[in-house]
Amino acid sequence: MTAAPKAKTNAKAELLSKTVEHIDFTSFDARPIIDGMTNMSFTSRDLARATSIYNTMLADKDCSIILTVAGSTSAGGCMKLYADLIRYNMVDAIVATGATIVDMDFFEALGFKHYQGNASGQDDKYLRELYIDRIYDTYIDEEELQACDGTILDIANSLEPRAYSSREFIREMGKWLANGNAKKKDSLVQLAYENDVPIFCPAFVDSSAGFGLVKHQVDNPKKHMVLDAIADFRELTDIKIKAGKTGLLMIGGGVPKNFTQDTVVCAEILGQEAEMHAYAIQLTIADVRDGACSSSTLKEACSWGKVDTALEQMVFAEAGSVLPLMCSDAYHRGHWKNRAKRGFAKMFA
């Protein structure tokens, strides 16, 4: 080995020395803060109203709650928060990006970490030389990410060659972790498997997982598994039809948000009665004026027949800064203690 690689290794270790720690919303009581925000203005009052709506969802025995997640909040310190929403029966189904599920949650379940970096002043070409990927002020070891891709490849290679919904494949990931392979217990993927909470990733291959799955198909050109995005939509619509009354807790926007809202319309196309989502909260910083899905307001969604407008609230804030307060408030008010578990994953057993 030459001296140069060793120097880079040392530099890499120095840059990857401070891990991102994930917040525990049970460790503090945000109720006094949220109560105070009720009488404030601007985003504070929006957050207080959104929290009140989330508590109403949890207290409504007929309401099933779907969590949608886009963006990098899981890497940024909310990973335990999302897992705890399953642990305390505060959500019943999840629709997320592939990055949230694979690059972040499954990645840390393998024992890897996200690291605190620098949003400004770093040389990104230098980071590339060191195989360090950057998400704003958060770093990931690219070599560890490729190891995660390799695990996805191994799981794909172990499956019967046929079409799978993303829910089925993610359940296999959770099963693999639960069978003694998890280096970090209680990941979102593993807890979802153990609690029969289905997770959907409509754009699953738009993540690190895509690399492993492409290699699976290249290595097995005539005998490989495939992901069936239509099955995802059908299964999530089946859940909406069975659930009846639903509430949405949406972090960011994008495909997870639109995919979930569209189940009402899909049910109608199938000739099934499905009421609009009765409750809806969205946390986003997207601008409303570009016509994009991430920013389309919940009132706008009503015009498409997706979301009722009586109990909905947009909160224009970076989710990592407000979601822990909302979840802490809901946890300590305790409506989740009286909720029945839905076990929607059992519908497809």
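## Starting at Gly210

Gly210 has a relative accessibility of 6%, and since buried means under 20%, this glycine counts as buried. Keep in mind that we're looking at a predicted model here.

As for where Gly210 sits, the residue belongs to helix H10, which covers residues 209-219. Follow the chain for 26 residues and you get to Leu236; the C-alpha atoms of Gly210 and Leu236 are 22 Å apart.

## Fold and dimensions

Zooming out, the protein is built with 15 helices and 11 strands. Its C-alpha trace stretches about 65 × 50 × 40 Å along the principal axes.

How does the radius of gyration fit with a compact globule? For 349 residues, such a globule would come out near 20 Å, and the protein has 20 Å, so the two agree.

## Contacts and burial

Now for who touches whom. Take the contacts between residues at least 6 apart in sequence: 79% of these join residues at least 24 apart.

Gly210 isn't alone in being tucked away by the accessibility criterion: 51% of the protein's 349 residues count as buried.

## Surface and charge

What about the outside? The protein exposes about 15,700 Å², and 52% of that area is supplied by carbon and sulfur atoms.

On the charge side, there are 38 positive and 47 negative charges. Average the positions of each set and the two mean points end up 4 Å apart.

Conventions: Residues are numbered from 1 along each chain as its sequence is written. This is a predicted model: local features need pLDDT of at least 70, side-chain atom pairs count only at pLDDT 80 or more; totals for chains, interfaces and linings use all residues. Side-chain values use heavy atoms; hydrogens and water are left out. Helices (H or I, at least four residues) and strands (E, at least two) are DSSP runs, numbered from the N terminus. The radius of gyration is taken over C-alpha atoms; the globule rule is 2.2 Å times the number of residues to the power 0.38. Buried means under 20% relative accessible area, exposed over 50%, partly exposed in between (1.4 Å probe, protein chains only). Contact means heavy atoms within 4.5 Å. Accessible areas come from the Shrake-Rupley method with a 1.4 Å probe; for residues, only the protein chains shown count as cover. Lys and Arg count as positive and Asp and Glu as negative; His and the chain ends are not counted. The place of a charge is taken as NZ of Lys, CZ of Arg, CG of Asp or CD of Glu.
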